[in-house]
Amino acid sequence: MKFEYAPAPESTAIVDIQSDYNLFIDGKFVPSKGGKRFATMNPANEQVLAKVTQGTAADVDRAVKAATNAYKKTWSKLPGADRGKYLFRIARILQERAREFAVLESMDNGKPIRETRDTDIPLAAAHFFYHAGWADKLEHAGLGANPKAHGVVGQIIPWNFPLLMLAWKIAPALATGNTVVLKPAETTPLTALLFAEVCQQAELPNGVVNIVTGDGATGSALVNHPGIQKIAFTGSTEVGKLIARSVVGTKKALTLELGGKGANIVFEDAPIDETVEGIINGIYFNQGHVCCAGSRLLVQENIKDELIEKLKRRMSMIRVGDPLDKNTDLGAINSKAQLTKIQELAQSGDTEGAERWSPECQLPEKGFWFPPTFFTGVSQSHRIAREEIFGPVLSVITFRTPSEAIEKANNTPYGLSAGIWTDKGSRILWSAQQLKAGVIWANTFNKFDPASPFGGYKESGWGREGGRHGLAAYLKGDM
Amino acid sequence: MRIDVKKTYKLFIGGQFPRSESGRSYELFDSKGNFLANPALASRKDLRDAVVAARNISDKWSSATAFNRSQILYRVAEVMEGRKDQFIAEIIAQEGVTKAQALKQVNEAIDLWVWYAGWCDKIASVYGGTNPVSGSFYNFTTPENLGVVASFISDQSSLTSIVHAVAPILAGGNTLVAVAHEDYPLSAITLSEVIATSDVPGGVVNILTGKAKEIAPWVGSHMDIDGVDGSGLDSTTYDALRKDGADNLKRINRFDEVKSPQRILAYMEHKTVWHPIGI
């Protein structure tokens with residue numbers, strides 16, 4: 001049975017995209033010192049949305065100086081309660097302008113409006129609201145009686161949840177009394193630049209938040225700037241390791257949120273329909289551009305056939321297409337480069353002998369698209385079982401005993417997330433204990449909350465973001 | 001006059017006391033230049049054997065109940081108390097301090113074990129917790145062991161320094177390989193004899209003696225070590241180890257010699273679990 005839906009596009013009239021963007025330094029939009037402009041496009045139709053600035057080392061230096069100045073003269077002198085009030089203001093403005101942010105995020109990133117509207121933007125506002133309340137209670141955060149801010153924090157965020165990752169970074173940094181220089185991802189700078197306007201509307205003191213757009217070179221200039229006391233990075237494990245090496249010999253503190261290859265384990269007694277929904281949400285949410293995606297489905301052998309049939313049926317209901325259509329489930333792949341990477345890894349699945357399946361679906365001609373896909377017959381040694389694909393591609397692996405499931409789940413250098421599907425409470429808790437991962441979703445998947453710490457074991461990173469535990473990333477405690 | 005029976009100072013790996021696989025040893029002298037002992041000069045292979053021993057027992061030690069670990073750490077204190085004289089004599093020999101100063105150090109070391117023993121079954125309730133997420137979910141965070149930790153012991157003192165390093169790592173459910181300070185192998189190996197007779201499972205604590213600088217590069221690049229305490233390394237060696245350690249993102253720290261729950265938490269990971277609430 002095929003359901004036909006009339007197009008239901010969200011209007012873009014609510015956003016006002018400028019043709020060119022400067023950098024946001026010391027409370028003002030200022031032109032770069034020597035930096036060129038580069039285009040940011042809508043990956044769903046390859047149309048250029050705007051030109052933004054390639055921040056230079058000189059620009060980074062200017063931003064760090066502004067942040068240092070703001071830290072010394074204003075922000076570190078404000079009582080926590082006042083810092084909190086600014087964060088509450090920001091949270092409220094994000095709520096007021098939520099639809100504008102949701103549309104802009106969908107256009108710049110390619111993700112469905114349903115997700116930006118219902119997940120990214122509300123959660124970003126919630127992060128500011130949550131951390132606002134911490135600003136005057138830091139002595140109760142379990143880090144000693146008088147925890148101290150680091151000073152100026154350099155933050156580098158990825159393109160998969162642009163505004164939400166900005167919120168995960170900026171909200172705790174400001175609440176704990178630090179000032180910030182943030183570099184958004186090269187392909188998704190627009191909501192960060194719109195956030196700069198929010199800072200202006202909130203009358204945040206100049207220089208407390210600085211946004212410098214650019215590519216990896218800009219990020220590197222930020223990481224290596226001697227005026228930065230702490231670095232927070234979300235991105236690939238490869239770059240994370242580079243940063244870890246580059247801070248050696250300095251006093252810079254570092255937290256990292258890196259890659260993952262999450263195992264979603266389905267035991268034979270799992271509630272099958274809920275499980276299918278959880279698998280779909282685990283890997284096809286946000287086009288699979290999720291570091292904690294449930295990209296390895298570990299299913300107990302005796303229910304595999306039934307589960308795969310149900311999964312196929314459910315996957316054929318996934319609506320791929322215009323991200324701004326309110327009925328769209330799976331949007332565009334964020335960039336040509338990412339699409340190439342997904343295609344290459346999927347190809348390796350074919351050549352290594354796994355079996356590929358996708359539902360029939362018509363992909364738009366323009367833009368970057370990849371259908372929801374899974375591979376069966378995957379073995380532990382296959383690249384698609386080991387490497388992070390960061391796309392809508394699921395690798396299905398079977399197991400016979402719970403111990404085998406745990407062994408396979410933990411057989412990865414990553415340790416960010418895992419899922420457990422079973423009706424048996426004791427098995428949930430046993431599995432959760434055994435799994436080497438920072439976030440475990442039992443009979444659910446891909447849930448996020450500002451009060452819930454997020455972060456990985458092993459090569460998935462250092463430290464946590466969110467909750468009381470996340471504050472430790474931005475404070476120097478007494479021993 | 002009776003001829004003393006002198007003690008051979010060997011390594012402590014997997015609950016056994018082997019000589020270095022390399023067959024090497026080094027001469028140790030007291031503060032007045034008199035010969036003390038020929039402690040083993042541990043090699044890369046010794047380190048690798050120690051890591052294998054630590055990894056093999058990791059699951060057993062981390063899944064022991066916190067109350068059980070607590071009793072075992074307290075047992076170490078009990079057994080130390082009975083061997084005070086030996087510890088005092090070795091501290092005097094290595095550091096050249098007075099008997100009163102040596103006694104003070106031994107007492108402090110024993111009390112450190114007692115302090116960390118008590119933390120084993122409190123750390124998760126003080127530093128874990130439930131998180132009030134927005135939605136119908138039960139969500140809790142709990143610290144758990146990191147895995148295998150390598151510790152380079154500092155030279156601040158011959159006995160308390162190693163207890164400052166070892167006790168919190170054990171309290172957090174980790175297993176470890178400690179590299180004793182080159183000048184203070186006697187206290188370290190005597191401590192290992194205490195540990196060997198205190199119900200600590202073999203392999204949970206492994207102690208190497210020798211040159212930290214020689215062993216550090218092998219620790220940095222070892223892919224089955226999860227964390228490193230570099231307190232006993234000079235800055236150049238420590239920085240090189242941090243670079244190598246980035247290959248598997250080891251958790252690498254240095255500490256001031258203070259007793260703190262933060263030293264336990266430095267080698268723990270926070271795990272957060274979600275489950276829906278419903279009928």
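## A tour of chains B and A

Start by selecting chain B and colouring by secondary structure: you will find ten helices and ten strands. Keep in mind as you go that this is a predicted model.

Stay with the whole of chain B for a moment. Its radius of gyration is 19 Å, close to the 19 Å that the globule rule gives for 279 residues, so chain B is as compact as a globular protein of that length. If you draw a box along the principal axes, the C-alpha atoms of chain B fill roughly 80 × 40 × 30 Å.

Next, colour chain B by burial. Of its 279 residues, 52% count as buried. Then turn on the contacts between residues at least 6 apart in sequence: in chain B, 75% of these join residues at least 24 apart.

Now move to chain A and give each domain its own colour. Select 23–258 together with 458–476 for domain 1, and 263–442 for domain 2, following the domain assignment. Place a marker at the C-alpha centre of each domain of chain A, and the two markers will sit 30 Å apart.

Where do the two domains of chain A meet? Show the contacts between them: 19 residues of domain 1 touch 25 residues of domain 2. On the domain 1 side, pick out helix H3 (98–109) and helix H4 (113–132) of chain A, the elements that give two or more residues to it. H4(A) gives the most, with three residues.

Finish by colouring that domain 1 side of chain A by residue class: five of its residues are nonpolar, seven polar and seven charged.

Notes. Residues numbered from 1 in each chain as written. Chains lettered and ligands numbered in written order. Predicted model: local features only at pLDDT ≥ 70, side-chain atom pairs only at ≥ 80, totals over all residues. Domains from an automatic or database assignment. Contact = placed C-beta atoms within 7 Å. Helix = DSSP H or I, 4+ residues; strand = E, 2+ residues; numbered from the N terminus. Nonpolar A, V, L, I, M, F, W, Y, C, P; charged D, E, K, R; others polar. Rg over C-alpha atoms; globule rule 2.2 N^0.38 Å. Buried ≥ 20, exposed ≤ 12 C-beta atoms within 10 Å, placed from the backbone.
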